[in-house]
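Please open the model in your viewer, switch on the cartoon view, and keep the sequence panel beside it. This tour tells you what to select at each stop and what you will find there.

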Amino acid sequence: MYQQMIFVNLATGDVEASKKFFTELGYSINPQFSTDDCACVVISDTIVAMLLGKQRYADFTKKEIADSTRTSEVLLCLSAESREKVDELVDRAIAAGGSSSGETQDHGFMYGRAFDDLDGHTWEVMWMDPAAVQG
């Protein structure tokens, strides 16, 4: 069965620093699709983040590239298998040089935190009780 993938393309000011940051979070870099101006970060079998140097990113758009430290161009949200995994990933991101973003959201059946990466892109990490999802 075909599984649709998502390739999230994000502009970065420093490809090498971004590669280090995301590997410190436990993700791998696919060297087959990485160059000096692009890092292919494998988040899962169906989610890939393409971290493009700003000049390379500009090759794909005619629009002005957002300064993600001042404006929000996208909110990215990753699921986690438990509340503890939410905390683990966000804490690793902060230890790797990211920053906490927003307040912890705890609704009992749903728990989430967020961090900003080195370029200011906001990554939310969320756990939801499977029983709540089933209805």
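## First stop: helix H3

Begin with helix H3 (residues 83-95), which has 13 residues and reaches 18 Å from its first C-alpha to its last, close to the 18 Å expected at 1.5 Å a residue; the expected span of a helix is 1.5 Å times one less than its number of residues. Helices (H or I, at least four residues) and strands (E, at least two) are DSSP runs, numbered from the N terminus. Before you go further, note that this is a predicted model, in which local features need pLDDT of at least 70 and side-chain atom pairs count only at pLDDT 80 or more, while totals for chains, interfaces and linings use all residues. Residues are numbered from 1 along each chain as its sequence is written, and side-chain values use heavy atoms, with hydrogens and water left out.

Now select Val86, Leu89, Val90 and Ala93, which are the buried residues of H3; buried means under 20% relative accessible area, exposed over 50%, and partly exposed in between, with a 1.4 Å probe and protein chains only. Seen down the axis of H3, these buried residues fall within an arc of 90°, so they line one face of the helix; the arc is that of the directions from the helix axis to the C-beta atoms. An α-helix has 3.6 residues a turn, so residues three or four places apart point the same way. On the other side of H3, select Glu84 and Ala95, which are exposed.

## Second stop: charged pairs

Which residue forms a salt bridge with arginine 113? Select aspartate 91 to see the partner, with the closest N and O atoms of the two residues 3.0 Å apart; a salt bridge is a side-chain nitrogen of Lys or Arg within 4 Å of a carboxyl oxygen of Asp or Glu. Arginine 113 lies in strand E8 and aspartate 91 in helix H3, so this pair ties together parts that are 22 residues apart in sequence. Arginine 113 counts as buried at 15% relative accessibility, whereas aspartate 91, at 40%, counts as partly exposed. While H3 is still in view, add Lys85, Glu88 and Arg92, which are joined into one network by salt bridges that share partners.

The structure holds nine salt bridges, and another of them is found by selecting lysine 20 and glutamate 24, whose closest N and O atoms are 2.3 Å apart. Both residues lie in helix H1, four residues apart, which is about one turn of the helix. Lysine 20 counts as exposed at 52% relative accessibility, and glutamate 24 is partly exposed, with a relative accessible area of 36%.

## Third stop: aromatic rings

Stay with helix H1 and select phenylalanine 21, then add phenylalanine 115. A search of the whole structure finds three aromatic pairs, and in this one the ring centres are 6.2 Å apart with the planes at 55°, so the pair is tilted. Rings of Phe, Tyr and Trp (its six-membered ring) pair if their centres lie within 6.5 Å; planes under 30 degrees apart count as stacked, over 60 as edge-to-face and the rest as tilted. The pair links distant parts of the chain, with phenylalanine 21 in helix H1 (residues 15-24) and phenylalanine 115 in strand E8 (residues 110-116), 94 residues apart. Both phenylalanine 21 and phenylalanine 115 are buried. Extend the selection to Phe22 and Trp123, and you have the one aromatic cluster that they form with Phe21 and Phe115.

## Fourth stop: strands E8, E9 and E5

Next, colour E8 and E9, which run antiparallel and are joined by seven bridges; two strands pair if DSSP finds at least two bridges between them. Methionine 110 stands opposite methionine 128 in E9. The two strands form a hairpin with five residues between them, and glycine 120 in the turn has a positive phi of about 90°. Then add strand E5 (residues 75-79), which pairs with strand E9 (residues 122-128) in the parallel sense over five bridges. Here the bridge partner of leucine 76 is tryptophan 123 in E9.

## Last stop: two cysteines

How many disulfides does the structure hold? There are zero, where a disulfide is a pair of cysteine sulfur atoms within 2.5 Å. Select cysteine 38, which is in no disulfide, the nearest cysteine sulfur being that of cysteine 40, 6.8 Å away. Cysteine 38 is buried, with a relative accessible area of 7%, and cysteine 40 is buried as well, with a relative accessible area of 3%.
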